[in-house]
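Subject: Structure for you to look at

Dear colleague,

Here is the structure you will be working with. My notes on it follow below.

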Amino acid sequence: MRAPTGSLTRSAWAGARMASALLAADTGGMTDLDVPVLRATVAPRREGLRLLVVTGPRWARAVADLAAALTVLSLVAVAFVDGVAVAVFALVLLGLVVARLVAAPAPLQAATGAVLLLVAWAAVLSGYERVPWLDVVAHVGATGVLAAVAVVGITRARLLQVPAGPRGGIGLAVVTVAVGLALAVLWELGEWYGHTYVDDGVGVGYEDTIGDLAAGGLGAVLAGLVLARSAARERRRAVRGPR
């Protein structure tokens with residue numbers, strides 16, 4: 001990795017690399033600074049609207065931007081029809097903005113946008129009442145992508161160090177599952193609030209809640225495995241170096 005220019009950013013870079021070297025002594029030579037999917041950004045910070053720019057493969061950027069545009073159009077389309085639908089798409093838009101602010105990898109942003117948009121439209125069009133198993137799929141997919149975005153944000157904010165080796169991958173997966181379960185609980189609290197104070201048509205109940213939590217947990221497990229595998233692959237690629 002090439003050091004940035006400017007005295008302040010050079011100092012920050014040197015400090016980050018020194019900390020990385022010290023940590024690497026205990027982790028087999030690599031830390032999360034060397035893993036692109038988890039790397040904390042020490043280059044000059046993006047400012048203003050650049051914070052919302054997706055960087056990565058062209059296809060992933062296109063899907064992420066298309067999902068964001070469709071979310072905004074959906075929000076406008078339901079603005080004067082259904083207040084609950086407005087809240088649903090507003091939450092989707094919040095999720096997409098957070099994914100961009102934490103600079104999640106472009107493929108993850110693409111997956112997040114596609115999954116959340118489909119989940120929202122299924123709710124608005126009463127898809128879960130017509131196809132009961134669709135609710136399980138929605139909880140698996142939405143909880144999975146949101147847990148992955150949250151963990152990427154946590155690692156890039158330097159709130160979580162991921163050591164090299166199998167233990168680091170296991171720890172990353174465990175943290176992702178924990179974050180996903182917490183998000184699943186918040187989702188169920190939101191459904192309870194919506195049922196109690198907004199629209200009693202929102203489905204709640206013991207079996208529904210337990211099933212949703214189990215589906216969310218499964219999504220978090222899958223997200224943790226994907227993140228751990230991605231981190232391991234990037235570490236191997238960094239060790240081999242450019243070909």
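Which helix gives the most to the lining of the largest cavity? Helix 3 does, with three residues. Please keep in mind throughout that this is a predicted model.

**Overall make-up**

The protein has eight helices and zero strands, so a listing of its elements from the N terminus reads α-α-α-α-α-α-α-α. Of its 243 residues, 36% are buried. Taking contacts between residues at least 6 apart in sequence, 71% join residues at least 24 apart.

**The cavity**

A search of the whole structure turns up one cavity of 30 Å³ or more. The space in the largest cavity comes to about 40 Å³. Its lining consists of Ala-64, Ala-68, Leu-96, Ala-99, Arg-100 and Gln-109. Helix 2 and helix 3 are the elements that give two or more residues to this lining.

**Helix 2**

Helix 2 covers residues 58–77, which is 20 residues. At 1.5 Å a residue it should span 28 Å, and its end C-alpha atoms are indeed 28 Å apart, so expectation and model agree.

Which residues of helix 2 are buried? They are Ala-60, Ala-64, Ala-67, Ala-68, Thr-71 and Ser-74. Because they cover an arc of only 125° around the axis, they sit on the same side of helix 2. The general rule behind such a pattern is that an α-helix has 3.6 residues a turn, so residues three or four places apart point the same way. Two of the buried residues, Ala-64 and Ala-68, also appear in the cavity lining.

What do the buried residues of helix 2 pack against? Their partners are helix 3 (83–101) and helix 4 (106–124). The face turned away from the buried side carries exposed residues: Arg-58, Trp-59, Leu-66, Leu-73, Val-76 and Ala-77.

Ser-74 is one residue of helix 2 to look at in detail. Its relative accessible area is 6%, and since buried means under 20%, Ser-74 counts as buried. Leaving out residues up to four places away in sequence, Ser-74 touches Phe-89, Leu-117 and Trp-121.

**Aromatic pairs**

How many aromatic pairs does a search of the whole structure find? It finds three. In one of the pairs, the rings of Tyr-193 and Tyr-197 have their centres 5.0 Å apart and their planes at 40°, so this pair is tilted. Angles under 30 degrees would count as stacked and those over 60 as edge-to-face.

Tyr-193 and Tyr-197 both belong to helix 7 (residues 166–198), and because they are four residues apart there, about one helical turn separates them. Tyr-193 is partly exposed, at 46% relative accessible area, whereas Tyr-197 counts as exposed, at 55%. Ring pairs also bring in Trp-192, which forms a cluster with Tyr-193 and Tyr-197.

**Ala-231**

Is Ala-231 buried or exposed? Its relative accessibility is 1%, so Ala-231 counts as buried. Ala-231 lies in helix 8 (residues 206–240). Between Ala-231 and Gly-169 there are 7.5 Å in space, C-alpha to C-alpha, although the two are 62 residues apart in sequence.

Best regards

Terms used: Residues are numbered from 1 along each chain as its sequence is written. This is a predicted model: local features need pLDDT of at least 70, side-chain atom pairs count only at pLDDT 80 or more; totals for chains, interfaces and linings use all residues. Side-chain values use heavy atoms; hydrogens and water are left out. The expected span of a helix is 1.5 Å times one less than its number of residues. Buried means under 20% relative accessible area, exposed over 50%, partly exposed in between (1.4 Å probe, protein chains only). The arc is that of the directions from the helix axis to the C-beta atoms. Contact means heavy atoms within 4.5 Å. Rings of Phe, Tyr and Trp (its six-membered ring) pair if their centres lie within 6.5 Å; planes under 30 degrees apart count as stacked, over 60 as edge-to-face and the rest as tilted. On a 1 Å grid over the protein atoms alone, a cavity is a set of points where a 1.4 Å probe fits but cannot get out, and a pocket is an open set with protein on both sides within 12 Å along at least five of seven lines; lining residues have an atom within 4 Å of a point. Grid points are joined across faces, edges and corners, and a volume is the space filled by probe spheres set on the points.
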